[in-house]
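Please open the structure in the viewer and keep the sequence panel visible beside it. The tour proceeds by selection, with a short account of what is found at each stop.

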Amino acid sequence: MNDLISEEKVKEVREFTASISKPVEQKIEITNRLTLKLMSKINRKKSNLVLSLDVTTQKEFFEILDEVGNEIVMLKTHVDILDDYDENFVPKLQEYAQKYDFIIFEDRKFADIGNTVRHQYRNGIYKISNWAEFVTVHVVAGEGILKGLFDGMENRSSFMLARMSSKGNLINETYSRKCFEVARKYPNVVSGFIGHGKDVEDIRRFKSKFPAGMLLLTPGVKLERGTDTMGQQYITVDDAIQGGADCIIVGRGIIKAEDRKKEAKIYRERAWKEYQKLNI
Ligand code: S5P
């Protein structure tokens, strides 16, 4: 019998059973202030929409924000793709965050040793730690990465990439589980995970293994399923939220739309409607 089922599988089944047999009314105490801030903004703004504003000029960046800023709970940037980044960018971004009431999230995907990410976060041209409340982290280099990033920092947190949306990515279940183990040790600087799945059930299974109080943000979301020409895979808003996503991350689905404001409203309303069904 012992030969038929691996210890790893046994552990996985135990964790899954434990997670689904928790009484619903059991309240999880969340101590991460940034997680609480995001959750409260989701509820106050009635939006689970994170915009991925992947454009290369400031003009376009702020034009789009003027159109859709009211619809989003958080703005995800890739600051290093701006061709015309200058010292005016961050103050203007912060003004917009105030005006439209969203959180700033830089998708830097830190992935090096602690000492290097420490500098990548604090120094260089962008000085990300000064202005991004959340960043993304590939914990592939080990937990030293979290120490390098966050030792001595206040009011900063991260989302760990525990699964990716791109076809053929190298993340497997063991890797995802290791992410959860590391995150469990650093609840004050990890707010949750970036994750994707092939369907609702797959995402549900994935989320059921999260440490308590951790959120799921799902990229690779559009109104219809599909792919792009470079390996991106899309599931629908309903798939993501029904699977347990706390937020959907949407880029081209909105920024390439003819009427971006209207499209952002559609994503926001669809996500919020599904989210309410699961969170009443
Ligand atoms: O697995 C991932 C993780 C991330 S953070 N897949 C992703 O697509 N992302 C990011 O989400 C990616 O870097 C991009 O900024 C955004 C998706 O953009 P879209 O235009 O495909 O919606």
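Select Gly114 to begin. In this predicted model, Gly114 is part of helix 5. Is Gly114 buried or exposed? Its relative accessibility is 18%, and because buried means under 20%, Gly114 counts as buried. Now add Leu149 to the selection and draw a distance between the two C-alpha atoms: Gly114 and Leu149 are 35 residues apart along the chain, and their C-alpha atoms are separated by 6.9 Å.

**From helix 5 to Lys127**

Remain with helix 5, which spans residues 114-122, and follow the chain into the loop between this helix and strand 4 (134-137), where Lys127 lies. The backbone of Lys127 deserves inspection: its phi is positive, about 45 degrees, although the residue is not a glycine. Most residues other than glycine have a negative phi. Lys127 has a relative accessible area of 36% and is therefore classed as partly exposed.

**Lys109 and the ligand**

Next select strand 3, residues 103-110, which contains Lys109. What is the sign of phi at Lys109? Phi of Lys109 is positive, near 50 degrees, and this residue too is other than glycine. With 26% relative accessibility, Lys109 counts as partly exposed.

Display the ligand together with the side chain of Lys109. A polar side-chain atom of Lys109 lies 3.3 Å from an oxygen atom of the ligand. Add Asp107, whose side chain has an N or O atom 3.5 Å from an oxygen atom of the ligand. Then add Arg252: here the separation between a side-chain N or O atom and an oxygen atom of the ligand is 2.7 Å. Taken alone, the ligand exposes 490 Å², of which the protein buries 90%.

How many residues surround the ligand? There are 16, and the closest are Asp54, Lys76, Ser165, Tyr234 and Arg252. If a pocket surface is shown, look for the second largest pocket, since the ligand takes up that space.

**Strand 11 and its partners**

Select strand 11, residues 247-250, and view its two faces in turn. Cys247 and Ile249 point to one side, Ile248 and Val250 to the other, and all four are buried, so that both faces of the strand are covered.

Which strands run parallel to strand 11? One is strand 1 (residues 49-52), joined to strand 11 by 3 bridges. In this pairing, Leu51 stands opposite Val250. Another is strand 7 (residues 215-218), joined to strand 11 by 2 bridges. There, Leu217 stands opposite Cys247.

From strand 1, continue into the loop that leads to helix 3 (58-68) and select Leu53. This residue has 1% relative accessibility and counts as buried. For a distance across the fold, add Tyr96: the C-alpha atoms of Leu53 and Tyr96 are separated by 13 Å, with their positions 43 residues apart along the chain.

**Strands 5 and 6**

Select strand 6, residues 190-194, where 5 of its 5 residues are buried. Adding strand 5 (residues 157-161) shows a parallel pairing over 4 bridges. Within this pair, Leu161 stands opposite Ile194 in strand 6.

**The open sheet of three strands**

Now isolate strands 8, 9 and 10. They form an open sheet of 3 strands in the order 8-10-9, with mixed pairing. Which strands form the edges? Strand 8 (221-222) and strand 9 (226-227) are the edge strands, each pairing on one side only. Strand 9 pairs with strand 10 (residues 233-236) in the antiparallel sense over 2 bridges. To locate this pairing, select Thr227 and Gln233 of strand 10, which stand opposite one another.

**Final stop: Arg268**

Conclude at helix 11, residues 260-278, and select Arg268. Is Arg268 buried or exposed? At 15% relative accessibility, Arg268 counts as buried. Show the side chain of Glu71 as well: a polar contact of 2.6 Å joins the side chains of Arg268 and Glu71.

How values were computed: Residues are numbered from 1 along each chain as its sequence is written. This is a predicted model: local features need pLDDT of at least 70, side-chain atom pairs count only at pLDDT 80 or more; totals for chains, interfaces and linings use all residues. Side-chain values use heavy atoms; hydrogens and water are left out. Buried means under 20% relative accessible area, exposed over 50%, partly exposed in between (1.4 Å probe, protein chains only). Two strands pair if DSSP finds at least two bridges between them. A residue is near a molecule or strand if one of its heavy atoms lies within 4 Å of it. A polar contact is a pair of N or O atoms within 3.5 Å; within protein, one must be able to donate a hydrogen and the other to accept it, and residues adjacent in sequence count only if both atoms are side-chain atoms. Accessible areas come from the Shrake-Rupley method with a 1.4 Å probe; for residues, only the protein chains shown count as cover. On a 1 Å grid over the protein atoms alone, a cavity is a set of points where a 1.4 Å probe fits but cannot get out, and a pocket is an open set with protein on both sides within 12 Å along at least five of seven lines; lining residues have an atom within 4 Å of a point. A molecule sits in a cavity or pocket if more than half of its atoms lie within 2 Å of its grid points.
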